[in-house]
Amino acid sequence: MNIVVLVKQVPDTAAERALSEVDHTLDRENTDLVLDEINERAAEEALTLKETTDAEVTVVSMGPDSALDAIRKVLAMGADRGIHICDDRLQGADVVTTARVLAAAVRTVADVDLVLAGNATTDGQASAVPAVVADLLGLPQLTHVRELGLEAGRVRAERETESGEATLEAPLPALVSVTEKINEPRYPSFKGIMAAKKKPVATVGLDDLFPDDTGFLVSRTRVVEAVPRPARAAGIRVTDDGSAGRQLADHLIARKLV
């Protein structure tokens, strides 16, 4: 069985993020970068399946040189090989271009049975890339999954919705995107970290993935303007002298919150 996991390196949400003054894009040299947590959970699910089905796990990531760190972490967790899509022409790529490139990378893996991804990344939060990848690959898609199982050539998943729970099922090969409720990721062991240094990672660009498409067009997003987040102002303190309830109500009414 062959499983592909799609992962992304993103800014650490617990640290300060910096933007370039030139084009307002992420200043990677002055921002702490990590493997996206939801992708980490997708990787954990792949590795759990690997332990029970004897699968081979390939991790795929698109990004600059630093994105290799995200791939290496998943390899340290237990994945078998990686594909790093690195091409300067992809800077600022939007959802459609990202999905087209990821789908092309998945096609380079022979006999893929399952593609796993997070339901949304913490930086873009478009929550659309997995669905577009599935459509491009012609795969059934099971999205926003919190529990996953394989049986007799089929994938079965549980999804939690605002109105209740739903059970999804599809034949393999298929694509599944998971939520933060799917599992708790393992920590890479020292042995795993050392082994990851020897695992193969193929670096590819647009010319490798689209050799017959010299006119591949990259659609991009562009940040027109960015301003620093304002400093937190001191709150309003209400001393209860018997009129605190009235003061609170007046405050909410003045701001049209009630």
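Which handedness does the β-α-β unit made by β4, α2 and β5 have? The close-up views below start with this unit, and they all come from a predicted model.

**View 1. Strands β4 and β5 are joined through helix α2 in a β-α-β unit.** The unit formed by β4, α2 and β5 is right-handed. To find your way around, look for strand β4 at residues 56-62, helix α2 at residues 68-77 and strand β5 at residues 81-85. Strands β4 and β5 run parallel, with five bridges between them. One place to look is T58, which stands opposite R81 in β5.

**View 2. Strand β5 also pairs with strand β11.** Here the pairing is again described strand by strand. Strand β11 covers residues 201-204, and four bridges link it to β5 in the parallel sense. Try finding G82, whose bridge partner in β11 is V201. Strand β5 is mostly covered, with four of its five residues buried.

**View 3. The largest nonpolar core has 33 residues.** A good way into this view is through the members that touch the most other members: I3, V5, L116, L142, L148 and V176. Helix α2, already met in the first view, contributes the most to this core, giving six residues. Apart from this core lies another one, made of 29 residues, and V101, A103, A134 and F210 are among them.

**View 4. L116 is a buried residue of strand β6.** Strand β6 spans residues 114-118. L116 counts as buried because its relative accessibility is 0%, and buried means under 20%. Leaving aside residues up to four places away in sequence, L116 touches I3, V4, V5, L6, A42, E45, A46, L49, L148, V176 and V178. One of these contacts, A46, lies 70 residues from L116 along the chain, yet their C-alpha atoms are separated by 7.1 Å.

**View 5. V176 has contacts with several residues of the model.** With residues up to four places away in sequence left out, V176 touches L114, V115, L116, A117, L142, V145, L148 and V155. Among these, L116, L142 and L148 appear alongside V176 in the list of core members that touch the most others.

**View 6. The charged end of R100 sits over the ring of F210.** The distance from this charged end to the centre of the ring is 5.9 Å. F210 is one of the residues in the core of 29. If you go looking for aromatic pairs, the structure holds zero of them.

Definitions and conventions. Residues numbered from 1 in each chain as written. Predicted model: local features only at pLDDT ≥ 70, side-chain atom pairs only at ≥ 80, totals over all residues. Heavy atoms only, no water. Core = buried A, V, L, I, M, F, W, Y, C linked by side-chain atoms within 4.5 Å. Buried < 20%, exposed > 50% of the residue type's maximum accessible area, 1.4 Å probe, protein only. Helix = DSSP H or I, 4+ residues; strand = E, 2+ residues; numbered from the N terminus. Contact = heavy atoms within 4.5 Å. Phe/Tyr/Trp six-rings, centres within 6.5 Å; stacked < 30°, edge-to-face > 60°. Lys NZ or Arg CZ within 6 Å of the ring centre and 35° of its normal. Pairing = 2+ DSSP bridges. Right-handed = clockwise from strand over helix to strand, strands pointing away.
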